[in-house]
Amino acid sequence: MLLEFRVSNFRSFSEEVVFSMVAGPYNELPDNTFTVGKFTLLKTAAIYGANASGKTNLIKAWSFFREFVKESHKEMDTPNRQPFAYNSEPSTIPTTMEATLRIDGVRYCYGFSLDDEGVLEEHLFSYPVGVKRTLIKRDRNTQIKTWINQIEFKEGRGIESKVRDKALFLSVTAQFNGAIATNVIKGILNAITLYPSASITSLSLSVFKPERIDHEKTREFLKLADSGIDNFKYDKIVVNDEQKSSRSMSFRVRGKADGSTELTQETVSTYHKNNNDESVIFSMDDNESRGTQRIFVLSSPIIDALKEGSVLFIDEIESSLHPLLAQTLVQMFNSPVTNPNNAQLIFTTHDTNLLNPELMRRDQIWFTEKSEHNSTDLYSLLEFKGVRKEAFSDKKYLGGKYGGIPFLSIHTLDKFTSSKVSE
């Protein structure tokens, strides 16, 4: 479970921003929170903001953090860290990321800094009894470049010389079956990200795993969404080179027993009942609406998150969905009945229907806004004094009370609509 995530000098984030899932000291909607140790955590959080204000960049920051932790042990070039472009010399300023998570009852804080040469700094702290323990401390600019806790992180002994400048010590240690490193990485990888997509297949390749699907729960989920789908079926097609050139969908490269590879394409067939109670078969990509495709893609990650108590980031949760359906998805995570394992949902949205004090607490509402220097500011509704728990609303947000909205000029609009098209 996620407590906090920090990022600086990445995409639209120049200075450090802090996103927290730690609940504020308020007695409102207690079902929306859960307690672990001395912390009360939130089950959901919504991030609002104008277009191009940086909402998606927070999710992309987590994606980068997650993927670098996962892949850095491999022989690879320095990752594309995408520093804040408006700095005069962006390549000279490090990109920094840090996450605080609770994994198997222990709180860990793990982070790193990168520049164009590789890993500049890396650290791992644990709090097994509430007291900070340093397990890894790495700094390229010090005489002792890597320090490890010889007692509490014995798995790191002797690995210092095996870690390249462009790799993370934690990732390499996990490759040598280090128990703590493996556990921390598992906790990070259990937080996945989803983005809007025009194609069901392109998303299914990354997050919708046919071999892991809970068929019955997915059917129930589709019926809950009033999709009209009675059943569905996955098909895997082997595609040859000639067919590949004529197909627009995504492909999966699958290894064969003889060491060769083949291209496969996954398709989904949906079954509907006609007036005679007979099954009519449709293609998910060709015949179902984009909203149905979207809810189908979301179904498996949501079911898995609720089952495993993991973290799910969703960009534009309302994309192609009816407002009541988006609200239902949030309610599923807030409710202790449908979310008994305390999964966490973090999402970006423009849907002001979710700005509802009967659905969300004040500490669950976040905003992004571009500063005069084009960097993203991230802040919580809690930072506004005098906002009572029953008083925040979509009208106040759209009226500019909390910021995070586009600055639209009526004079510019008048000029645009009255301008003549040149001949």
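How far apart are the end C-alpha atoms of helix 9, and what should its 12 residues span at 1.5 Å a residue? I began with this check, keeping in mind that the model is predicted.

**Entry: helix 9.** I found the end C-alpha atoms of helix 9 to be 17 Å apart. The 12 residues should span 16 Å at 1.5 Å a residue, which agrees. I then looked up which residues of helix 9 are buried, and noted L325, A326, L329, V330, M332, F333 and N334. I recalled that an α-helix has 3.6 residues a turn, so residues three or four places apart point the same way. I listed what covers the buried residues of helix 9, and the cover includes strand 5, helix 5 (215–224), helix 8, strand 16 and strand 17.

**Entry: the sheet.** I traced an open sheet of six strands, with the order 11-16-17-5-18-19 and mixed pairing. Strand 11 (191–194) and strand 19 (376–380) stand at the edges; each has a single partner strand, so one side of each is left without a neighbour in the sheet. I noted an average turn of 15° between neighbouring strands of this sheet, direction ignored. I saw helix 8 (residues 290–308) packing on the sheet, where it touches strand 11 and strand 16 (311–314). The direction of helix 8 makes about 160° with that of strand 16. Helix 9 (residues 323–334) packs on the sheet and touches strand 5, strand 16 and strand 17, and its direction makes about 150° with that of strand 17.

**Entry: strand 17.** Which strands pair with strand 17 in the parallel sense? I found strand 5 (residues 44–49) paired with strand 17 (residues 344–348) over four bridges, and strand 16 also paired with strand 17 over four bridges. On the strand 5 side, T44 has L345 as its bridge partner, and I47 stands opposite T348. On the strand 16 side, F313 stands opposite I346. Five of the five residues of strand 17 are buried, so this strand is largely enclosed by the rest of the structure. I noted that Q344, I346 and T348 point one way, while L345 and F347 point the other way.

**Entry: helices 1 and 3.** I looked up how helix 1 (residues 55–71) packs with helix 3 (residues 179–189): the angle is about 145° and the axes are 10 Å apart. Their crossing is left-handed. From helix 1, W62, F65, R66, V69 and K70 meet I185, I188 and L189 of helix 3.

**Entry: confidence.** The chain averages a pLDDT of 85, and 82% of the residues score at least 70. Over residues 202–206 the pLDDT is below 50, though I noted 14 contacts for this stretch in the model beyond near neighbours in sequence. Where pLDDT is low, the predicted coordinates should not be read in detail.

Note on methods
Residues numbered from 1 in each chain as written. Predicted model: local features only at pLDDT ≥ 70, side-chain atom pairs only at ≥ 80, totals over all residues. Heavy atoms only, no water. Pairing = 2+ DSSP bridges. Helix = DSSP H or I, 4+ residues; strand = E, 2+ residues; numbered from the N terminus. Axes fitted to C-alpha atoms, helices over the stretch in contact; angles between N-to-C directions. Contact = heavy atoms within 4.5 Å. pLDDT = per-residue confidence, 0-100. Expected span 1.5 Å × (residues − 1). Buried < 20%, exposed > 50% of the residue type's maximum accessible area, 1.4 Å probe, protein only. Left-handed = near helix turned anticlockwise from the far one by under 90°.
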